[in-house]
Amino acid sequence: MPVFLNGKPQELTPGERLIDTINRSGIRIPQVCYHPQLGPIQTCDTCMVEVNGKLERACATTAAEGLRVETASSRAQAAQREAFDRILGNHLLYCTVCDNNNGNCTVHNTTRLLAIEHQDTPFQAKPYEVDSTNPFYRYDPQQCILCGRCVEACQNLQVNETLSINWEDPHPRVLWDGGAPIGESSCVSCGHCVTVCPCNALMEKSMLGQAGYFTSLPQQTLDGMIDVVKGVEPEIGYGSIMQLSEVEASMRESQIKRTKTVCTYCGVGCSFQIWTKDRHILKVEPAAGPANGVSTCIKGKFGWDFVNSSDRLTKPLIRERDRFREATWDEALGLVASRFSEIKTAHGPDALAFISSSKCTNEESYLMQKLARAVIGTNNMDNCSRYCQAPATIGLFRTVGYGGDSGSISDIEQASLVLIIGSNTAESHPVLATRVKRAHKLRGQKLIVSDLREHEMARRADVFLHPRPGTDLFWLSAVTRYIFDHGLAKQSFIDRWVNKADEYRKSLEPFTLEMASVRCGLSKETLVKVAHMIAEADSVCILWAMGVTQHVMGSDTSTAISNLLLATGNYMRPGTGAYPLRGHNNVQGASDHGAMPNYFPGYQKIDDPAIRSKFEKAWGVALPPKPGLDNHLMIDAIHDGRIKSMYVFGEEMSLVDSNAGYVAAALEKLDFFVMQEIFFSETCRFANVILPASPSLEKEGTFTSTERRIQRLYQVMEPLGNSRPDWKILMNVANRLGANWTYVHPSEVYEEISSLTPIMAGVTYERLEGFKSLQWPVAPEGSDQPLLYTKQFNTPDGKAAFFPVAWSEPSNQPGTEYDLHLNNGRLLEHFHEGNMTYRTEGIRQKVPGTFVEVSPELAAARGIETGTWVRLSSPFGEVKVQAVVTARVTGSELYMPMNSVLEPVNCLTSSCTDKVTHTPAYKETSVRLAVLRQAGADPLPRTNPRHGRPTPQMGVEVERKWARGDYRPPDNRLVQIQTRSPQPAGQEK
Ligand code: SF4
Ligand code: SF4
Ligand code: SF4
Ligand code: FES
C-alpha cells in the first residue's frame with residue numbers, strides 16, 4: 001500500500017523518511033535544518049505536516065504504508081509558518097547585498113516558498129561579534145539561525161567534534177571547543193560546516209565581498225542599505241524586496257562560473273563544483289561527489305591558491321650554464337626533440353627514461369607511456385606508485401588477481417570491523433577516515449589500528465597495537481595461524497574459493513604467538529583478542545598504506561594481509577576486502593594506464609607477444625619486447641652511465657625518492673634532463689629544459705581514485721600565461737619526434753585507451769559526464785564493478801590463492817651509532833613536500849614548516865623541549881629541525897612529516913628497497929640526534945588544531961533545545977492566538 005500525500009497515493013521505499021517521500025513526489029514543503037546526508041536534526045520545526053491527523057516533523061517520521069499525510073492543511077501550514085517566523089527572528093534578510101544570494105540560500109528560498117510578507121518575531125541581535133579568526137571562513141552569530149547543521153556535520157560526519165550549541169544559554173550560538181576563538185580551536189578547516197550551513201552565517205572568506213554586485217561596498221554603506229530595506233519592509237512586504245534580490249542573484253550567473261572538478265591532492269577522489277569569477281576562486285562546493293558527498297578536507301576545500309600563485313611557471317626555460325633563460329615553445333620543443341634524437345641515435349632508446357605524474361590525468365599517463373614506447377622505443381617508464389603502492393599491488397596480484405581496492409569506501413563504512421595498518425588515515429585520506437570515524441561513533445563499528453604512532457585513528461580504536469617497527473608481517477601471520485589452529489578460519493569459503501591452503505598452512509609454522517610476542521613486542525593476550533575479533537566479525541575490511549609498503553618486506557606484508565582476509569572469508573561480499581589506500585589523486589590511474597616498466601595500460605604484459613602485437617598494430621610501430629627499468633633502477637642506471645637522458649613530469653623526484661643525496665647526484669650526471677612542472681621545483685634545478693604545465697583546474701581529463709573510481713574533471717580556467725596542459729605538451733614533443741598524433745581533446749585519447757584496454761573497455765566521456773563515475777573493470781556495455789570480486793577472482797581458474805611469505809629482518813635497525821628509529825609520513829594540512837599547499841597562506845599559517853616528534857621519555861633523557869633545535873643524522877645525510885615533544889610517539893621512536901623542501905626527510909632515508917618492487921624502505925631509517933640549541937617557539941603555532949580541545953557529543957543534541965523553558969513546538973492554536981510572550985517552563989501544546 002502506498003502513502004497518501006494530500007489524498008494522492010505515493011509509492012514509498014521501505015524505511016525511507018517521510019520528507020524524502022514528499023520531496024520525491026514534487027510537493028514542496030519547508031525543511032530548513034534537513035540535509036539528506038546529515039539525516040534528521042529536528043531543530044527547525046519547519047517541516048511540520050499532519051500525519052494521520054497529528055502534527056509531526058516530516059524529517060523525523062518514517063514513511064509507512066497507509067499513512068495519510070496533509071502537507072498543506074491550514075494546521076500544517078500555520079505550524080510551518082510559525083516555525084519559520086521564529087527562524088527569521090535570528091536572521092536579517094538583506095539578500096540583495098548578501099554574498100550568499102546565489103539562488104541556493106535556504107532561508108531566502110523558504111521565505112519565498114512560504115510567501116512570507118512580514119515577520120511576527122522581530123529580529124533580535126545576539127550579543128556576539130563576528131569571528132574571523134580562521135583563515136578560511138568566518139562565523140556571523142547575528143545571522144545564525146541555530147539550525148545545527150554545522151554541529152551535526154562536525155560531530156557526526158566529519159567527526160572532528162569541535163562544534164556544539166549552548167542550548168541552555170539565553171542567547172544560544174555555535175561554539176568551537178566550547179567557546180574558543182575559531183582560529184585557536186581544534187577545527188581542522190575541513191569546511192563541512194561551511195558547506196552545509198543553509199545561510200550566510202558561515203561563509204568562505206573567499207566569497208566575502210566578491211560574489212555579488214553590491215557586496216563589495218564598504219560596510220557602512222551596506223549597513224545603510226540594509227536599514228533602508230528594513231525601513232520599507234513593513235510597507236511593501238518581503239515579496240518585492242525578494243524579487244529585487246532575485247534579479248541580482250540571476251545577474252550573478254553571468255559572472256560566476258560553476259565547474260565540476262576532482263580534487264588534485266589525495267587518492268580519496270573527492271569531487272565538487274568550483275565557483276570562480278574570472279580567475280578568482282570563490283569557493284569549493286561539494287554536494288554530489290560519489291566518493292565524498294558534502295565532505296572535503298582542508299586541502300580540497302581551501303588549498304587552491306597555488307593555481308594563481310605569482311611564481312607559476314608560464315614560459316619554457318632553457319639552461320645556459322648555471323642559469324635559466326626564457327624561451328619560446330618552438331625553441332624549447334625543438335631542443336627537446338633534437339637532444340632526445342641525438343641520444344637515441346648515439347646510445348639506443350634505452351638510454352632514455354620517462355617518469356609520469358601521479359598528479360596528472362589518466363590520458364596524460366597514457367600519452368607519456370606511448371611516447372616512451374612507440375616514439376622513443378623504450379620501456380623505461382614508471383610513476384611514483386613505485387615509491388608507495390607497488391608492494392600492495394603485488395600482494396593483491398599474488399592472491400586475488402587485481403591490483404586495486406576490492407570494494408568502495410561505502411564497503412569500508414558498512415564493515416563490522418575495520419583494521420587499519422600503517423596508515424595515518426585521518427591525515428592522509430581525511431574524507432575516507434570520516435566514514436570510519438562515523439561508523440565507529442554512530443554504529444559501533446569495531447576498529448583495530450596497528451601503527452607506531454598514536455595518531456587520531458589509533459586514539460579512537462578499540463584495540464591499538466604498537467608493534468616494533470617493520471614487524472607487521474609477523475603478527476599478521478601469527479594471528480592467521482591462530483585462526484587456523486583454533487578452527488576459526490572460514491573453511492567453506494577456503495574450500496570453494498582458495499587454492500594452496502595446505503602449502504600456506506605449512507608456511508605458517510614459524511609464526512607462533514610466542515614468537516610474535518618476542519618479535520613484535522605485543523602481548524599474546526592482545527593478539528588472541530585481535531584474532532577473535534577478526535574471525536568473529538561479520539565483515540572485515542583491512543586498510544593499509546605506506547607504513548606497510550615502505551619496508552623491505554612491503555610486498556610480503558601486503559600479501560600477509562590478503563592471506564588473512566582469505567582465511568577469514570572476507571572477500572566477495574559487501575563490507576569486506578583489501579584496501580591499499582592510494583596516496584596521490586591519480587597514482588592508481590597512472591599505473592592503470594600503463595606508466596609502468598612491465599605493463600601496457602590495464603596491466604597487460606609487455607612481454608606477452610599477442611598483447612604487444614595488438615599495441616604494435618594500433619600504434620603502427622614495432623615495440624620493445626623487454627620490460628624496462630623502474631624508477632629506482634633508473635637512478636642506478638644513471639650512475640653507471642646506461643641512462644643519459646630523462647623526461648619527468650609533475651614529480652618532485654629529487655625530494656620524494658629516498659636517499660635524496662644519491663638521487664641528486666644521479667640527476668646531475670644526466671646529459672639531458674627535461675622537467676615539466678607548474679613551479680620551479682627542487683628537481684627543476686637539475687633540468688636542461690623546463691616546460692611550463694597546467695594544473696588540474698586548467699585542463700580536462702580523468703582521474704582514478706583509490707576505489708578504482710574514474711571521474712572527469714572539467715576545465716575551470718584558461719592555462720596561465722604560456723603554460724599548457726600536459727597532454728598537449730606530450731603531444732607537441734611526440735610530434736616533434738615525428739609521431740603525428742592528432743588528438744584534439746582528451747576524450748579522443750580515452751577512446752584509444754578503451755579500444756586497447758579490456759578493463760576500461762566501456763569507459764567513455766559520456767558515461768562519465770558531470771558527477772557520474774565508473775569503477776573499473778568496465779564492460780563494453782558500460783557496467784562497472786564497485787565490488788571487485790562478486791562471481792570469481794581475477795585468476796585463470798577464478799579462485800584466489802594463499803601465497804606463503806617468510807620473515808626477514810628490517811633494514812637499518814637502530815644500533816649504537818644511529819640509535820633512534822625515524823618514522824615519516826604525511827600531515828593533514830600539507831600534501832607531500834608541500835609544493836602546492838605552502839602556496840596557500842592559511843595552510844602556511846597553520847603549519848609553517850617541518851619538525852620532528854620526540855617522545856616525552858626521550859625528551860626528558862636528552863633535555864629536549866618543544867621548539868628545541870636538533871640535528872638528525874643518518875649514514876646518508878642530515879637535517880636540522882625543531883622538536884615537538886608529544887606522546888604520539890614513544891621511547892626511542894621519532895616521527896618526521898614529509899612537508900619540507902628545505903629539510904627533507906629523504907636526506908636521511910636509505911637506498912634499501914622492497915625486494916620485489918624496489919619500493920624504498922623509507923620507514924626503515926635509523927638516526928642519531930644532537931641537541932643544537934634551546935630556542936624557538938613551538939613549530940606548531942597556537943592556531944594549529946592539534947592544540948585544540950574537542951567537545952565530543954552525539955550530534956546537535958536537540959533534546960536540550962526542547963528542554964528549554966521557552967521552547968514549544970509550533971502549533972496553529974498558538975499561531976492563531978499570536979502569543980509571543982515567553983511561555984512558562986514545561987508548557988506543551
Ligand atoms: S572541523 Fe572545523 S571546518 Fe570542519 S566541520 Fe568542524 S568546525 Fe567546521
Ligand atoms: S552556523 Fe550552523 S547553526 Fe548557524 S545557521 Fe549555519 S549551519 Fe545553522
Ligand atoms: S585531499 Fe583527499 S580527502 Fe581531501 S578533499 Fe582532496 S581527495 Fe578529498
Ligand atoms: S527539517 Fe524537519 S525539523 Fe527541520
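User: Helices (H or I, at least four residues) and strands (E, at least two) are DSSP runs, numbered from the N terminus. Which strand holds E326?

Analyst: This is a predicted model: local features need pLDDT of at least 70, side-chain atom pairs count only at pLDDT 80 or more, and totals for chains, interfaces and linings use all residues. Residues are numbered from 1 along each chain as its sequence is written, chains are lettered from A and ligands numbered from 1 in written order, and side-chain values use heavy atoms, without hydrogens or water. E326 sits in residues 323–326, which is strand β14.

User: Is E326 buried or exposed?

Analyst: The cut-offs are under 20% relative accessible area for buried and over 50% for exposed, with partly exposed in between (1.4 Å probe, protein chains only). E326 has a relative accessible area of 52%, so E326 is exposed.

User: Which residues does E326 contact beyond its sequence neighbours?

Analyst: Neighbours within four places in sequence are set aside. Contact means heavy atoms within 4.5 Å. On that basis E326 touches K315, P316 and L317.

User: How many Å separate the C-alpha atoms of E326 and K614?

Analyst: E326 and K614 are 288 residues apart along the chain. Their C-alpha separation is 42 Å.

User: What percentage of the chain's residues count as buried?

Analyst: The chain has 32 helices and 37 strands. Its C-alpha trace spans about 90 × 70 × 65 Å along the principal axes. Of contacts between residues at least 6 apart in sequence, 74% join residues at least 24 apart. Among the 989 residues, the buried share is 64%.

User: In the open sheet of β10, β11 and β12, which are the edge strands?

Analyst: The sheet has three strands in the order β10-β11-β12, and the pairing is antiparallel. Each edge strand pairs on one side only. The edges are β10 (257–262) and β12 (280–285).

User: Which residue is the bridge partner of Q273 in β12?

Analyst: Two strands pair if DSSP finds at least two bridges between them. β11 (residues 271–277) and β12 have five, in the antiparallel sense. In β12, Q273 is matched by E285.

User: Which residues of strand β28 are buried on its two faces?

Analyst: In a regular strand the side chains alternate between the two faces of the sheet. β28 covers residues 701–704, and both of its faces are covered. One side has G701 and F703; the other has T702 and T704.

User: Which residue in the turn between β28 and β29 has a positive phi?

Analyst: β28 and β29 (residues 709–713) pair in the antiparallel sense over four bridges. One of these strand matches sets F703 against Q711 of β29. The two strands form a hairpin with four residues between them. The phi of about 65 degrees belongs to R708.

User: Which residues come nearest to ligand 2?

Analyst: A residue is near a molecule if one of its heavy atoms lies within 4 Å of it. Ligand 2 has 14 residues around it. The nearest are C144, C147, G148, C150 and C197.

User: Which helices each supply at least two residues of the shell around ligand 3?

Analyst: The residues around ligand 3 include C263, C266, C270 and C297. K299, G300, P430 and V431 are also among them. The helices asked for are α7 (298–302) and α13 (430–443).

User: Which residues surround ligand 1?

Analyst: The surroundings include Y137, C154, N160, L163 and W176. The rest of the list is C187, V188, S189, C190, G191, H192 and C193.
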